[in-house]
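User: I would like to learn how to read a fold, feature by feature. Please give the general idea first and then the case at hand.

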Amino acid sequence: MRGKRSLARAIEDYLTEWSERTGITVEVWAMPKDGVNGPVADAVYAVVLEALANVELHSGAHTLSIALTTGSGGLRLTISDNGIGFPPGSTGRGTDTMKRRFSEVGGTLTINSVVGEGTTVSGHI
């Protein structure tokens, strides 16, 4: 779990370990400078971990990109991979769990995939 680390630090630490273990290159486009705390931070962290598990297990991706930003419009999370993608409508328990986690903290999460081109998870709280 995140422990006492900031959300950004916890995600960055996990990304480093995950990239080394999987061999998938990670591009971090943005991480928040402001603190994200409580249930929102927990939901975002859980979604990041689930999305990375899906990339590792199913995508065949070589590169993953992530951006997490905060501002007056709220929090935005984008995770994209260059994997094999999947056909529309073929989601599973993990994707349903990610959507539920964002919904529980007042957010929305979409998952868009193009067969042969990859998948993008986009969330807003």
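User: What do the buried residues of α3 pack against?

Analyst: To read packing, take the buried residues of an element and list what they touch. This is a predicted model. Here the buried residues of α3 pack against α2 (38–59), β3, β4 (108–114) and β5.

User: Which residues of α3 are buried?

Analyst: The cut-off matters here: buried means under 20% relative accessible area. In α3 the residues that pass are Gly-94, Thr-95, Met-98 and Phe-102. Seen down the helix axis, these buried residues fall within an arc of 100 degrees, so they line one face of α3.

User: Which exposed residues does the face turned away from the buried side of α3 carry?

Analyst: Look across the helix from the buried side. In α3 that face carries Arg-93 and Glu-104, both exposed.

User: How many residues does α3 have, and what does it reach from its first C-alpha to its last?

Analyst: Compare the span with the rise expected per residue. Helix α3 covers residues 93–104, twelve in number. Its end-to-end C-alpha reach is 16 Å, close to the 16 Å expected at 1.5 Å a residue. Then check the exit. Just after α3, Gly-106 takes a positive phi of about 85 degrees.

User: How many residues does α2 have, and which of them are buried?

Analyst: Use the same reading again. α2 has 22 residues. It reaches 31 Å, close to the 32 Å expected at 1.5 Å a residue. Its buried set is Ala-41, Ala-43, Val-44, Tyr-45, Val-47, Val-48, Ala-51, Leu-52, Asn-54, Val-55 and Ser-59. The cover over these residues includes α1 (7–22), β2, β3, α3 and β4. Just after α2 comes Gly-60, with a positive phi of about 70 degrees.

User: Is His-58 of α2 buried or exposed?

Analyst: Read the relative area against the cut-off: exposed means over 50%. His-58 lies in helix α2. With a relative accessible area of 54%, His-58 is exposed. Sequence separation is a further check. His-58 and Ile-84 are 26 residues apart along the chain, yet their C-alpha atoms are separated by 8.2 Å.

User: Now the strands. In which sense do β2 and β3 pair, parallel or antiparallel?

Analyst: Start with the sense, then count bridges, then find the link. Strand β2 (residues 63–71) and strand β3 (residues 74–81) are antiparallel, with eight bridges. The link is a hairpin that joins β2 to β3 through two residues. Gly-71 stands opposite Gly-74 in β3.

User: How many bridges join β3 to β5?

Analyst: Follow each strand to its next partner. Five bridges join β3 to β5 (residues 118–124), and the two run antiparallel. One pair to locate is Arg-76 with its bridge partner His-124 in β5.

User: In which sense does β1 pair with β2?

Analyst: Ask the same of each pair. Strand β1 (residues 25–30) and β2 are parallel, over five bridges. There Ala-30 has Ala-67 in β2 as its bridge partner. One general rule helps when you look at side chains. In a regular strand they alternate between the two faces of the sheet.

User: What about loops? Where does Gly-85 lie, and what does it touch?

Analyst: Place the residue, check its burial, then list its contacts. Gly-85 lies in the loop between β3 and α3. At 17% relative accessibility, Gly-85 counts as buried. Leaving out residues up to four places away in sequence, Gly-85 touches Ser-113, Val-114, Val-115, Gly-116, Gly-118 and Thr-119. Gly-85 and Asn-112 are 27 residues apart in sequence and 8.8 Å apart in space, C-alpha to C-alpha.

User: Which pattern does the whole chain follow?

Analyst: Put the elements in sequence order. There are three helices and five strands. Their order is α-β-α-β-β-α-β-β. The radius of gyration is 14 Å, close to the 14 Å that the globule rule gives for 125 residues, so the chain is as compact as a globular protein of that length.

User: And which share of contacts joins residues at least 24 apart?

Analyst: Take contacts between residues at least 6 apart in sequence, and 65% of them join residues at least 24 apart. Burial is a companion figure: 38% of the 125 residues count as buried. For the surface, the chain exposes about 6700 Å², with carbon and sulfur atoms supplying 51% of it.

Methods
Residues are numbered from 1 along each chain as its sequence is written. This is a predicted model: local features need pLDDT of at least 70, side-chain atom pairs count only at pLDDT 80 or more; totals for chains, interfaces and linings use all residues. Side-chain values use heavy atoms; hydrogens and water are left out. Two strands pair if DSSP finds at least two bridges between them. Helices (H or I, at least four residues) and strands (E, at least two) are DSSP runs, numbered from the N terminus. The expected span of a helix is 1.5 Å times one less than its number of residues. Buried means under 20% relative accessible area, exposed over 50%, partly exposed in between (1.4 Å probe, protein chains only). The arc is that of the directions from the helix axis to the C-beta atoms. Contact means heavy atoms within 4.5 Å. The radius of gyration is taken over C-alpha atoms; the globule rule is 2.2 Å times the number of residues to the power 0.38. Accessible areas come from the Shrake-Rupley method with a 1.4 Å probe; for residues, only the protein chains shown count as cover.
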